[in-house]
Every structure is written in C-alpha cells, then in structure tokens.
Amino acid sequence: MDKKILEVEQKRVDYVVDEIKHQLTSTAEQLGKALTERRKVEATYGDTAKVNLAEVDDRMETNAAIQQQKQLVALAVENETILTNREKNLHLLQKSPYFGRIDIAEDGEQETLYIGTSSLITSDDEFLVYDWRAPISSLYYNGTLGPATYDTPVGSVDVELLHKRQFKIVHNQIVKMFDTNETVADDVLQDMLSEQSDTHMKNIVATVQQAQNEIIRNTTSDLLVVEGVAGSGKTSAILQRVAYLLYHAREKLDAEQIILFSPNNLFSNYIAEVLPSLGEKNMRQVTLMDFLEHRHRGFTIESLFERFERDQQNLPTVTRQIRDFKESSSFVKLLEEYLRQTPSDLLPFSNLVLHGEVIIGKDEIKAIYTSISNRFSLPERFTQTKNALIKLLQNRTRAYAKTNTIEQAIENLTDSEYRQILGDKEGSFASYDDEYSFVAYRLAKRHLKLVYDAIYNDYFVDIYQTYLNFLNHLEPAGIAPKAFKESIYQSANDIELHRLRITDAVAIMFLRDLLTGSGQNHTIMYLFVDEMQDYSASLLLYLAHAFPKAKLTLLGDQSQSIFTDNPTRKGTTSQEQTLQQLFPQKRLNYHELNTSYRSTKTITDFAKAILAASKIEAYSRAGTLPTLVQFNDEEQLNAAYPTIIRRELRNNKIVALITKTAAEAKGLASQLAPTIELTLITAKTRSLKEGLLIMPIYLAKGLEFDSVIAHNVSTTNFTDHADEELIYTIASRALHRLTLTVAGTLSKIVADSNAEYELLDNLQTIEGGTSNV
Ligand SMILES: Nc1ncnc2c1ncn2[C@@H]1O[C@H](COP(=O)(O)OP(=O)(O)OP(=O)(O)O)[C@@H](O)[C@H]1O
C-alpha cells in the first residue's frame, strides 16, 4: 500500500479519535448534570409523597404532584439512558473507530463512507462513521466493485461502488490496510482466523461474509433456517443478526423480546460478550433443560447428555422406533385429535384435597365440566370449569368461616395477629359482627389456600394421567404392541417417581397447553434455536406454539447430531421440505453455509474425510497435519498424556482433551490432575478457562479451542455410523491443532477413510517435536 495513502488514512483516524475524545468529555459532563438533575427530582418527589394524605383535597393535589414528578423522573432516566448508551458506543469506537471504507457515486456525486460498530456524527451532522447496520453499509458486505444497490425504507437505491478499503486499527493505529474487490479481503479474514482462541466468542462485524450477511439482514421471513457445516459461522451470524434486528426496530423491539435456546450454560457464557461488544444488550438465553424443568416443576427431566450416555449403554431398535414416533409431528396431531374428541368421562379429574379431607370431589368437578356445552373449545370449557370451581370454593369458604374450627382459631389469635388480618380495614366496619365476619372469612380463606392454589394451577385434572390414557389408546403402526405397552409402563413409572424423559416432557406440555389454554408467551418476537439438529419435530412444534408471535431462526448442522437421529433428515424429503411441512403457515427462508472458517484447511479436510456425507468445505488457512499417536494399550496412552499435553500447551492458549463420555473425562481428569493443571468440564460448569480442559464431546458443542486432543479413537470406542459424526464434531472444535490418541487398534472410521494425518508412534518423537502453530 502506498505510504502516502497510509499517512492520509492515519491522519483521518487521528482526527476521528480526537472527535471521539471530545464527544466523550462532553457526554460525561452531560451525564453528570443529568444525574444531579434526576437526584434533585427524586428528592423532591420523596418530599411530595410525604405530604399529609388524610384530607381528600390534599390527597388529590398530592396525587397530581406525584404524577408530575413521576413523569419528570421518567424523563430524566430516559435522558440518562440515552447518554449512557452514547458513552458506551463512544468507548467501543475508541478501541477501533472503523474497519471499512467505501467510495460510491450516486447520481454523479461521489461520496466516501467509513463503516464501524456504531455511528459517529459531529455537531454539524457530518457522518464520520456509519453504523455497520445502516442500509448503506450493506454495500460494504455485499457489493463487488461496479453497479450496486442497497435497500432503504423508501425503496432501493442504485449506486456505483468505486472503491473498497479495509482496516485493522489497534490502539488508534492502522496496523493493516487493504484495497479489495472481494466481499471481504482475504488477508483481513486470514488474520482474524489465525488468532488464538479465547474464553469468550468474538464478534465478526469487520469480516462478515456475503452468505452470512444475507442471514443477518433478513427481516422478511418468519422461519429462517440455516443449515451450516461445523465452523461456518452460524452462531456468529445469529448474534450479529440479533444486533441488526435491535438496531432496525429500536423503538419496537427490546432485547428482552428475543430468546435464544442454547445447548448448555457453558455455551451461554461463551457467547455472552458478543452483543455487548457490538453495543447491544444480550438477548434472553435459556437452555432446553431449564425451559423444560421450569414447565414441569417438581419433576427432574432427563437431560440430552444423560440420554446420550444412556443410549451409549443400550438402545434397542424398538426403543428408538417408539421415541421417533413420540417425537414426530403425527404424534402431536394424534394428541390434538384425542383431546378434541375425548368425552369428559375420559378426563381424569382429581379430588381437591386438604390435609386428607376432600374439599371438592372429582365427581363434582366432572359434573361442572360436563354441564358446560361442548360447543365451547377445550380451553374455554376448562377456564369456565376453573371459574366455577373458584366460585364454589368461595361458597365453601363462606360456610367454613361459620364453623367452630374458625371460631376457635379466632379465639386463639393474639391481638397483633388479629390486627394484622384486619390490615388497613381496621376501624372501617359498621359493626363488630361485620368485622368478625371479615376476619373469619380471611382466616377460612387462609386455611383453604392450598386448594385455591390447586385450582389456579390446574391440578383438578390429572394431566399426567391424561397423557397415559392417551398413550394407552394408541396403536402405532409398525411398533410391536407389547413393546409399546412396556414403554407406557416405563413412562408411568417415571411419572410416579417424578422424573421425565424429554420426549414425554414435551408431549405433556403440549397436552396441558391444549387442554388448559395456558403456557403461551406472547411477548417474545424472535426465537432462535442453536443446534436445532438436537431438537425433535414435536419439540420445534411446541416452541412455535409456546411463542406464537415469534419469528423463528433455526440453526444447525445435521452432521453434528450427537443426540438424535433428527426427524428432519429421515426419508427422501430434504430438510427444507420437511421444515416447510412442519410449519406450513410460515414463510420459510432456507440457507446453507458450507465453508468452514474455524479450523485450518488440514483439519477441516480431515473432518470432511471422516464424514463423506458432509458438505463441509475448508477455508484456505494453512496449518499442520493432524497428528495420530498410537499406543498398545490404555496404560501406555495414559502414561504418555502429560508429554502429549505439554507439547500442545507450549504454543496454545486453550487445549481441550475431548472424550466420548463424561465417565471417560472424569477418569482422565482424576488421573492427570496430580501431574498437570487442568479443568474438568461438567454439565454444571459455567465458564471456560485457559490451559488444559477435559470434557466429553457433548459439552464441547458450539465451542472451539486452539488445540484439540481426541481421546482414544480406537475400534472399541468409535465403531458405528453415528460415531463418524462424533469424530467429525470433535475434530471441528480445533482451530489450529488436532491430535488423535489411540490405545490399541485405530477405529475403522479413520483407518478406512482417506483422511490425512501424521502418525507418531513413539514418545520420543513427541517430546522432540515442536508444535508449529
Ligand atoms: N465472517 C467471519 N469472519 C471472521 N471469523 C469468522 C467468520 N465466520 C466465522 N468465523 C469464525 O469461525 C469460527 C466458527 O464460527 P461459529 O462458532 O459461529 O460457527 P458455527 O457454525 O456456529 O460452528 P459449530 O456448528 O461448529 O459450533 C469462530 O471462531 C468465528 O469467529
């Protein structure tokens, strides 16, 4: 690059940095003033509220004053929020004011624009930096030089893209600068990808690729599906997408209205800094387990990890068949049909009981339910029953208030307990009898509180028994009746012990919602599911039902389906067709991302050779060949681990030793702990650390490490077809280095593939070797 051009650009950086400093100082001053102002208003607000409230006139006047003060406080807070956000954005810009420049010609006029993480505007309305999400900034990501178009709220605009330049600015100095015709210059991307990994994910704002950009900027479809190979930037793209959506619907959309279903808490923590680094608040995040447990209070739900580990022990074909059936969309249809047609005598009503005494009997409840016309929908009938039950209980409460039990209870009250029940009603009764009746009713209600709660919580129908009744009435084709009956017995037993498998938990939630009309959240506007390959059809349908207003973004990689044989890849229909059939009402937009950016080319090529079916394509980043270290038995392998690990730790910040199961990880950790500092990652781990991490593969989902050591890729450990995906997933967690260890014979999955690797069969080679990242 011409030295002179570099000087000119550096001068501009200096100028922009000065402006940022200047704006930071004035924002800090304004913020200080705003804070003092708010405190003043709040102090007066407090004084106003203390005014004598006894007289009606005074009270009205005080109320008006309070309302006025409240508005003032709200205004002051709003002003402060705007200033705080501005300050936050200025701080972000201060680190690196921009990363791109485009020169365009529009209607014969030429303009130069600089693109950064947020806008910077001078007091004279000069745009020194454009936010990357501004409509015009899309030219930076999309257009190659020549005629180009960008969309604005009032239509598309045609321009001529004359020039595109990219910067890497660190501490206000341009360290790299490229002119390019490509979407994003190779050199900048290479540079980013060669960096060492971190305990937190970074944003990709400066180097978003065209295919990713389409996902980020899509605002029209209500079902956006991204099928992307390992490391193709799915997670990165959705986080950028959240930032984009928040920017474009600033007035209407809040981060609280966006929810992401993430694979585990470790992953939630790993991605937690991306949105703040883009100047945005984090969206809500929930793991599937937390969501299910929240909706089945008092039950333990078997996690996907536990299910995986159980399947490893034993998964008979018929068990898989039954699970597939119960997780299919046709199962959900059967459930809906059953509920629509079920006569009331098939609904298992429950007695409402208090300390062993039946307060409202199940026959009575059934009579109420039956008396309501079946022209009403199921939830309407249910709500009417509920209302009738509350009325009935109120009558019972009144009757109960007149019993000796309550009379006795009142006599036993201390003076202060009595007055506490009266509360602010004290002194307002016309007679003592009125006061007494009031206290008696309150006490009776308190005694019956558990029954009220039971009605509010819909416990008068046994949902779990309804589910078992439903299962019992089914005769699924192709499944041996005896095996199906046994599975029902298993579900009943689980329910008895207050534990549920995911399959049953999802079906029961559906059943409860359809019956009671509850369970829907209308505030969520966008729902993201990462690792959708682990979600069954019935679960996806349930999420769409539970968040009816939400637009869905589903991301996944069929090749990483560690837990399930996802229904979307069964049969001959494509995943796109299957999802459209699952959600016929939704406008689907389907994207494939096949370039993997995470790993070096040698590692990605290795992963591709292991899983021939994957469409993964390597991004051309150079690196060393994966290494295979083979030993006769586990004893030898374990003895060699400290040497193998130290070699990797020499040049890599984070080294992950990845096993197939949790038990293996735990065993290795306890064995290596005396010799090497390490962190064992379990389902409970919330954050990553640098150094050596040991974990089972299902906890490494979505994460990446500088160096990965795949533990014992032997014939006994990795045998069948599903294990190909495991090796693929383990390998694709590595950024720069991949080592495979083997005790005994190498798995056929690797041996019979044309994967390229370097074989090291003696420890001295390892000790002598250097890791050349
Ligand atoms: N456009 C890009 N510019 C820079 N880095 C990128 C880009 N796209 C992806 N990456 C990097 O590639 C790595 C993988 O990205 P990400 O984790 O988003 O992929 P993924 O598809 O979700 O992967 P997986 O399914 O394997 O978990 C990350 O380090 C990310 O920063």
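Asp 752 turns out to be exposed in this predicted model, because just 9 other C-beta atoms lie within 10 Å of its own, and a residue counts as exposed at 12 or fewer. Asp 752 sits in a loop, with helix 28 (748–751) on one side and strand 26 (758–760) on the other. What separates Asp 752 from Ala 609 in sequence and in space? Along the sequence the two are 143 residues apart, yet from C-alpha to C-alpha the gap is 9.8 Å.

Zooming out, the protein chain has 773 residues, and 38% of them count as buried. Its C-alpha atoms fill a box of roughly 95 × 75 × 55 Å, taken along the principal axes. As for secondary structure, the chain comes to 29 helices and 26 strands. Contacts between residues distant in sequence feature heavily: taking the contacts with a separation of 6 or more, 72% join residues 24 or more positions apart.

The chain splits into five pieces: domain 1 covers 3–93, domain 2 covers 96–198, domain 4 covers 352–461 and domain 5 covers 601–768, while domain 3 is made of two segments, 284–341 and 464–593. Where domains 1 and 2 meet, domain 1 puts in 11 residues and domain 2 puts in 12. On the domain 1 side, the elements giving two or more residues are helix 1 (3–49) and helix 2 (56–95). Helix 1 gives the most there, with 8 residues. That side of domain 1 is made up of 7 nonpolar, 2 polar and 2 charged residues.

Then there is the ligand. Which residues come nearest to it? Out of the 23 residues around the ligand, those are Thr 207, Gly 233, Lys 234, Thr 235 and Ser 236. Helix 4 (186–193) and helix 6 (234–248) are the elements that give two or more residues to this shell. Sorted by class, the shell has 11 polar residues, alongside 7 nonpolar and 5 charged ones. Why does the ligand lie between domain 2 and domain 5? Both domain 2 (96–198) and domain 5 (601–768) give residues to the shell around the ligand, so the ligand lies between them.

Terms used
Residues are numbered from 1 along each chain as its sequence is written. This is a predicted model: local features need pLDDT of at least 70, side-chain atom pairs count only at pLDDT 80 or more; totals for chains, interfaces and linings use all residues. Domain bounds come from an automatic or database domain assignment. Two residues are in contact if their C-beta atoms, placed from the backbone, lie within 7 Å. Helices (H or I, at least four residues) and strands (E, at least two) are DSSP runs, numbered from the N terminus. Ala, Val, Leu, Ile, Met, Phe, Trp, Tyr, Cys and Pro count as nonpolar, Asp, Glu, Lys and Arg as charged, and the others, Gly among them, as polar. A residue is near a molecule or strand if its C-beta atom, placed from the backbone, lies within 6 Å of it. A residue is buried if 20 or more other C-beta atoms lie within 10 Å of its own, exposed if 12 or fewer, and partly exposed in between; C-beta atoms are placed from the backbone.
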